[in-house]
Amino acid sequence: MGAMSGPYVIRGSVSLPEAELMWRFSRSSGPGGQHVNTSDSQVELRFDLAATEALPEVWKERALQRLESRLVDGVVAVRASEHRSQWRNRETALVRLAALLAEATAPPPKPRRRTRIPRGINERRLREKKQRGETKRGRSGRDW
């Protein structure tokens, strides 16, 4: 097999450094036949977010805050086991980690600016409401 299709870019020119990725392999659970009991195809990828030098300091702070519930001693872990091949599971885990870090380091959205509802729209809404009420009132069979 060839080399992985990395480097995995988080955003802009920032990418995941191969030296800081920690891999662990184990047997996948579930059905699979003869092959499943002999191969370590499940992949766990760990990345020490607290100690990394690859991310800008602002991004690192943001990611540590947003991923707080997923971190164990400053390390984020991603697991992949849906493919039979360890190689494809490694690719999947890398993509997941890059996407997770990209989302966690994204800048906060701009605050929403409140806008006034145009008077014409409000008047039209009230007029249509009144008309609908008249239609419903006309359905009652009082004058039979």
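## Exercises on a predicted fold

W23 has a relative accessible area of 21%, which makes W23 partly exposed. The model used here is predicted. Work through each task with the structure in view.

### Exercise 1: An aromatic pair

Task: How many aromatic pairs are there, and is the pair of W23 and F25 stacked or edge-to-face?

Solution.
- Step 1. Count the pairs. There is 1 aromatic pair.
- Step 2. Check the rings of W23 and F25. Their centres are 6.4 Å apart, and the limit for a pair is 6.5 Å.
- Step 3. Check the planes. Stacked needs an angle under 30 degrees. The planes of W23 and F25 stand at 5°, so this pair is stacked.
- Step 4. Add the accessibility. Partly exposed lies between 20% and 50%. F25 has 31%, so F25 is partly exposed. W23, at 21%, is partly exposed too.

### Exercise 2: The overall layout

Task: What pattern of helices and strands does the protein follow along the sequence?

Solution.
- Step 1. Count the elements. The protein has 3 helices and 5 strands.
- Step 2. Put them in sequence order. The pattern reads β-β-β-β-α-β-α-α.
- Step 3. Look at contacts between residues at least 6 apart in sequence. Of these, 66% join residues at least 24 apart.
- Step 4. Turn to burial. The protein has 144 residues, and 29% of them are buried.
- Step 5. Finish with the surface. The accessible area is about 11000 Å². Carbon and sulfur atoms account for 50% of that area.

### Exercise 3: The cavity

Task: Which residues line the largest cavity, and which strands each supply at least two of them?

Solution.
- Step 1. Count the cavities. There is 1 cavity of 30 Å³ or more. The volume of the largest is about 30 Å³.
- Step 2. Name the lining. R24, F25, S26, Q42, V43, E44 and R79 line the largest cavity.
- Step 3. Assign strands. Strand β3 covers 21-26 and strand β4 covers 42-48. Each supplies at least two lining residues.
- Step 4. Sort by type. The lining holds 2 nonpolar, 2 polar and 3 charged residues.
- Step 5. Link back to Exercise 1. F25 is in this lining, and the ring of F25 stacks with W23.

### Exercise 4: From W59 to L101

Task: Where do W59 and L101 lie, and is L101 buried or exposed?

Solution.
- Step 1. Place both residues. W59 is part of helix α1, residues 57-66. L101 belongs to helix α2.
- Step 2. Apply the cut-off. Buried means under 20%. W59 has 16%, so W59 is buried. L101 has 0%, so L101 is buried.
- Step 3. Compare sequence and space. W59 and L101 are 42 residues apart in sequence. Their C-alpha atoms are 9.2 Å apart.
- Step 4. Repeat for L101 and V9. They are 92 residues apart along the chain, with 9.9 Å between their C-alpha atoms.
- Step 5. List contacts, leaving out residues up to four places away. W59 touches I10, R11, V14 and T105. L101 touches I10, L16, F47, L49 and L67. I10 appears in both lists.

### Exercise 5: Two threonines

Task: Where is T52 found, and where is T92 found?

Solution.
- Step 1. Locate T52. T52 is in the loop between β4 and α1.
- Step 2. Locate T92. T92 is in helix α2, residues 86-105.
- Step 3. Use the cut-off of 20%. T52 has 1%, so T52 is buried. T92 has 16%, so T92 is buried.
- Step 4. List contacts beyond four places in sequence. T52 touches E20, F47 and K60. T92 touches A80, E82 and H83.
- Step 5. Check one distance. T52 and E20 are 32 residues apart along the chain, and their C-alpha atoms are 7.4 Å apart.

### Exercise 6: An unusual phi

Task: What is the sign of phi at D73, and is D73 buried or exposed?

Solution.
- Step 1. Recall the general rule. Most residues other than glycine have a negative phi.
- Step 2. Read D73. Phi is positive, about 55°, although D73 is not a glycine.
- Step 3. Place D73. D73 is in the loop between α1 and β5, and β5 covers 75-80.
- Step 4. Judge accessibility. Exposed means over 50%. D73 has 75%, so D73 is exposed.

Technical notes. Residues numbered from 1 in each chain as written. Predicted model: local features only at pLDDT ≥ 70, side-chain atom pairs only at ≥ 80, totals over all residues. Heavy atoms only, no water. Helix = DSSP H or I, 4+ residues; strand = E, 2+ residues; numbered from the N terminus. Buried < 20%, exposed > 50% of the residue type's maximum accessible area, 1.4 Å probe, protein only. Contact = heavy atoms within 4.5 Å. Areas by Shrake-Rupley, 256 points an atom, 1.4 Å probe, with all protein chains shown as cover. 1 Å grid on protein atoms, 1.4 Å probe; cavity = no way out; pocket = protein on both sides within 12 Å on 5 of 7 lines; lining within 4 Å. Points joined across faces, edges and corners; volume = space filled by probe spheres on them. Nonpolar A, V, L, I, M, F, W, Y, C, P; charged D, E, K, R; others polar. Phe/Tyr/Trp six-rings, centres within 6.5 Å; stacked < 30°, edge-to-face > 60°.
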